Amino acid sequence: MMAANGNDSWKFVKLEDICAQITDGKHGDCQDEPNSGFYFLSCKDVSNGKLNYEGARQITKVDFLDTHRRTKFEPSDVLITNSGTIGRMALAPNNELIHRTTFQKSVAILKPIVSHVAPNFLYYSIQSDIHRLIEFAGGTAQKNLLLRDLRAFEVRVPPLPVQRRIAGILSAYDELIENNQQRIRILEDMARSLYREWFVHFRYPGHESVPLVDSPLGQIPQGWEVTTFGELYDTSSGGTPSRKRPDYFEGGTISWVKSQELLDGFILATDEYITDLGLKESSAKLFPVNTVLVALYGATIGMLGILTCAATTNQACCAVLPKRDPFGREFAFLTLLENRERIIGLRLGAAQQNISQVLLRGFECIKPTDQLVQTFSEKTAPLFERILNLQRQTANLRRTRDLLLPRLLSGQVQLEDVTLP
């Protein structure tokens, strides 16, 4: 097949022909040693092209060295999760942490031969065809991508200069996305720090002249109250229209949020939409813009989201609706975020741990003066709006990159026609 970026110089090659080694992590366990600085990552620690060390296991140096002899993990290695959640990828960065990192067997490590393939090109090339790779996975109880199938998997590779140009274009998008995410994290930290400063440490404007008084939650500023979350906010959950009725979903235009879409940020779009009939004939409810949502159960229990348009939810999402001003979006979101662990600690249920609406409404919290909450909202609302704008920019960058990715990696686009973001 002819290709626009190099004609017949694009070739299909097996991964084993362009990688010096394709292996996976340790097929056994290691001894934990908190704060050892030697990390033992699994598939859950690989996501969005990055390695996540927050909460990752740390093991003894002896076990690390033993496992490292197998993985030989180093910068520019390509990682693919090959068991459980298959197809998550990351490209190893060049930092000191990499030299103290190894993996469980649920992660495969590919070592590109740099004279044959640019590591970042290989990363994008596999990523562009990840769904076909996932189809290789076998198993019934738990899917597994076997190393032999990974080694035999074919990718299309142009000459190195073309590889570098393609990878450079895609990397430019990823760098902008990462920069936006860093800015979002800074803004989130600013909002959360202000909440803690005012409502946890009681260092708000004018606090010097306000004495502390005893309360059921310890000392609080005079004029504040201990109340329940339900005194400040109404709560409501959603519902799932019957899957047996295609007309409840097909052609739907009403956003329908699932709990796994709550990621502590604004909800810009949803995976599924329902119809007016699906809304009318189910227990789903339409919630307004800026409604704060909290996941009641499941893998994302306690995670939050903010609606950017009127939307419905499934029953695992709880909508938080202010009873009056000024206890709106900012105060609700940050109160739930700051108290998440406390709230989750009150959860009920053995088979499936969950937060109930009754539990959430009964959660004891502090009620500052209306004027202070109003001032706080005025100060934090611009931070939330900047976060929203950055999330929208990031979503647009991702869409453009994802449209370019398969076209660039198939040679359908003339590289000189592509402008960098």
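User: Glad to be looking at this with you! Which residue stands opposite Val292 in β19?

Analyst: This is a predicted model, and in it strand β18 (residues 292–295) runs antiparallel to strand β19 (residues 304–307). Three bridges join the two strands. Across from Val292, the residue in β19 is Ile306.

User: Which strands are at the edges of the open sheet with the order β14-β21-β18-β19-β16?

Analyst: Five strands form this open sheet, and their pairing is mixed. Neighbouring strands are turned against each other by 35° on average, direction ignored. An edge strand pairs on one side only, and that holds for β14 (233–237) and β16 (265–267).

User: There is an open sheet of three strands too; which of its strands stand at the edges?

Analyst: The order in that sheet is β17-β15-β20, with mixed pairing. Each edge strand has a single partner, so one side of each is left without a neighbour in the sheet. The strands in that position are β17 (272–274) and β20 (312–313).

User: And which residue in β20 does Trp256 stand opposite?

Analyst: Strand β15 (residues 254–257) pairs with β20 in the parallel sense, over two bridges. Opposite Trp256, the residue in β20 is Thr312.

User: Moving on to helices, at roughly what angle do the axes of α9 and α12 cross?

Analyst: Helix α9 covers residues 329–338 and helix α12 covers residues 370–409, and their axes come within 8 Å. Their crossing makes α9 roughly perpendicular to α12, a label that covers angles of 65 to 115 degrees. The angle itself is roughly 85°.

User: What classes of residue make the contact of α9 with α12?

Analyst: From α9 come Arg329, Glu330, Phe331, Phe333 and Leu334. On the α12 side are Val373, Phe376, Ser377, Thr380, Ala381, Phe384 and Glu385. By class, that gives seven nonpolar, two polar and three charged residues.

User: Which residues of α9 make the contact with α6?

Analyst: The axes of helix α6 (residues 160–199) and α9 come within 10 Å and cross at roughly 80°, which means α6 is roughly perpendicular to α9. On the α6 side, the contact is made by Ala191, Arg192, Tyr195, Arg196 and Phe199. By class, the contact has six nonpolar, one polar and three charged residues. Those from α9 are Phe331, Leu334, Thr335, Leu337 and Glu338.

User: Which strands does α12 lie across?

Analyst: For α9, the strands it lies across are β14, β16, β18, β19 and β21 (317–322), and α9 runs at about 165° to β19. Helix α12 runs at about 60° to one of its strands, β16. The strands that α12 lies across are β16 and β19.

User: How far apart are the end C-alpha atoms of α12?

Analyst: At 1.5 Å a residue, the 40 residues of α12 should span 58 Å. The distance in the model agrees with that: the end C-alpha atoms are apart by 56 Å.

User: Where in α12 does a kink lie?

Analyst: The kink is of about 30° and comes shortly before the proline Pro382. Beyond the helix, α12 is followed by Gly411, whose phi is positive, near 75°. The kink lies at Thr380.

User: Is the peptide bond from Asp325 to Pro326 cis or trans?

Analyst: Pro326 has its place in the loop between β21 and α9. Omega of the bond from Asp325 to Pro326 is near 5°. The bond is cis.

Definitions and conventions: Residues numbered from 1 in each chain as written. Predicted model: local features only at pLDDT ≥ 70, side-chain atom pairs only at ≥ 80, totals over all residues. Heavy atoms only, no water. Axes fitted to C-alpha atoms, helices over the stretch in contact; angles between N-to-C directions. Helix = DSSP H or I, 4+ residues; strand = E, 2+ residues; numbered from the N terminus. Parallel < 35°, antiparallel > 145°, perpendicular 65-115°, else oblique. Contact = heavy atoms within 4.5 Å. Nonpolar A, V, L, I, M, F, W, Y, C, P; charged D, E, K, R; others polar. Pairing = 2+ DSSP bridges. Expected span 1.5 Å × (residues − 1). Bend = angle between axes of the 7 residues up to and from the residue.
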